[in-house]
Amino acid sequence: ISLKLRNQLFLAFCIAPPPTSNNMVKDLQGKFDALVSKDTDAQLEFFLKSFIFELGDSWKEVCDLSKKFKKYLKDQTEKRDLNHVQASNFLQQNGKTRTGLERKKECKDIDLNSDGRICFVEYLLLHYKAMILKSYYNRTEKKMTEDLSNDGVGVTGCGPKLLEELFTLPMGLDPKLVAAIEEFTAKKRAREKKMAKLEKRAEKGGVLGKAARNEIEQMMSQDLTAMNRIELTLNAAKKKGKKESGAAALEKKKKAEEQAKKAKLQAGRNKMAAMAAMFGGAKKAMLNKTKTKVTPNIDSRTKTLGKLKSKGPRQKLKKGHL
């Protein structure tokens, strides 16, 4: 085997190819497609689970946005999502002022499945873009490349980062907090569904309509009390979960990553040492074999030459004698 070929084999064996992110992107896109196929409340629930700590006390604003989004869908005679023009208008109505060109570019950037539509979770990624990007850079410890000084207005080209952060749930997320969020959204969904039915019945008027209107009023008082109780439970679980998933969890993750990095580095060194020993042994054996074939033993050469010299006079004497 040639020296060049040995070097190529050595490098191929010891140096692994750089990892590709194609599989991760496909996995995230598959999860996102599954999420956008669900209703607004399911998208709300997942967003809350992912960003409950970043939202802080303003998490209820996301719930209010879901109500406004569903009402806007109804006003626009849409079912689940909006076109880019409608989404731009909704963004403008909810305190996120932008120029027409900025809205157009940002809506296109946030349309992560490129279907020309903006569902609720895509709208939330746009509405809370600055918050999510800050969370992404804090987690990855990378240098920020976007200017977020103006709440992310005009910032584009960040769709993949937003998608990755959406599906990166907080470390050490307390199961009780997850359960509280799920209970909150389930109660919210059931309440709104029942209210919608009662409102349709109330619109018809008459005795049944009046009864429906009275039931709505009762729900407005009773259910709000129940919802407030669930909110208190959620807030308590959020505070507890924040302690368990904050700096301590991040430090634990960093230590684990450092240990894994050291182990990988040591494994690479061991592999290189083994390869070096293998190639070194093969080279030594080859040299020994070549030395044995080409260079005869000095003592054997001396003895042979001596025998030839000692035989010379005797042969001449015998010849003369004869």
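A pocket, as the word is used here, is an open set of grid points with protein on both sides within 12 Å along at least five of seven lines. Keep that in mind, as we will come to one such space below. The model you have in front of you is predicted.

Let us start with the whole chain. The protein chain has 322 residues, and 33% of them are buried. Its secondary structure comes to 13 helices and two strands. Look next at how the chain folds back on itself: among contacts between residues at least 6 apart in sequence, 72% join residues at least 24 apart.

A good helix to begin with is H3, residues 40-55. One of its partners is helix H7, residues 120-127, and the axes of the two helices come within 8 Å, crossing at roughly 40 degrees. H3 and H7 are therefore oblique to each other. On the H3 side, this contact is made by Thr40, Gln43, Leu44 and Phe47, while H7 contributes Phe120, Val121, Leu124 and Leu125. Sorted by class, the residues of this contact are six nonpolar and two polar, with no charged residue among them.

How much of H7 itself is covered? Eight of its eight residues are buried. That list holds the four that meet H3, namely Phe120, Val121, Leu124 and Leu125, and also Glu122, Tyr123, Leu126 and His127.

Now stay with H3 and turn to helix H8, residues 129-140. Here the axes come within 11 Å and cross at roughly 85 degrees. Angles of 65 to 115 degrees count as roughly perpendicular, and that makes H3 roughly perpendicular to H8. Phe47, Phe51, Glu54 and Leu55 of H3 meet Met131, Ile132 and Ser135 of H8. By class, this contact has five nonpolar residues, one polar and one charged. Phe47 is worth a second look, as this residue takes part in the contact of H3 with H7 and also in the contact with H8.

From here, follow H3 to a residue of helix H10. Threonine 185 sits in H10, and its relative accessible area is 0%, so threonine 185 is buried. Leaving aside residues up to four places away in sequence, threonine 185 touches Asp41, Leu44, Glu45 and Leu48. Leu44 is also one of the H3 residues in the contact with H7.

Just before H10 there is another residue to find. Leucine 173 lies in the loop between helix H9 (159-166) and H10. Its relative accessibility is 17%, and because buried means under 20%, leucine 173 counts as buried. Its C-alpha atom is separated by 9.9 Å from that of isoleucine 52, although the two residues are 121 residues apart along the chain.

We can now come to the largest pocket, which holds about 910 Å³ of space. Its lining has 20 residues, and those nearest the centre are Lys70, Lys71, Lys74, Glu192 and Ala196. Which elements give two or more residues to this lining? They are H3, helix H4 (59-75) and helix H10 (175-203). The largest share, nine residues, comes from H10. The classes here are three nonpolar residues, one polar and 16 charged. Set this beside the contact of H3 with H7, where no charged residue appears.

Terms used: Residues numbered from 1 in each chain as written. Predicted model: local features only at pLDDT ≥ 70, side-chain atom pairs only at ≥ 80, totals over all residues. Heavy atoms only, no water. Axes fitted to C-alpha atoms, helices over the stretch in contact; angles between N-to-C directions. Parallel < 35°, antiparallel > 145°, perpendicular 65-115°, else oblique. Contact = heavy atoms within 4.5 Å. Nonpolar A, V, L, I, M, F, W, Y, C, P; charged D, E, K, R; others polar. 1 Å grid on protein atoms, 1.4 Å probe; cavity = no way out; pocket = protein on both sides within 12 Å on 5 of 7 lines; lining within 4 Å. Points joined across faces, edges and corners; volume = space filled by probe spheres on them. Buried < 20%, exposed > 50% of the residue type's maximum accessible area, 1.4 Å probe, protein only.
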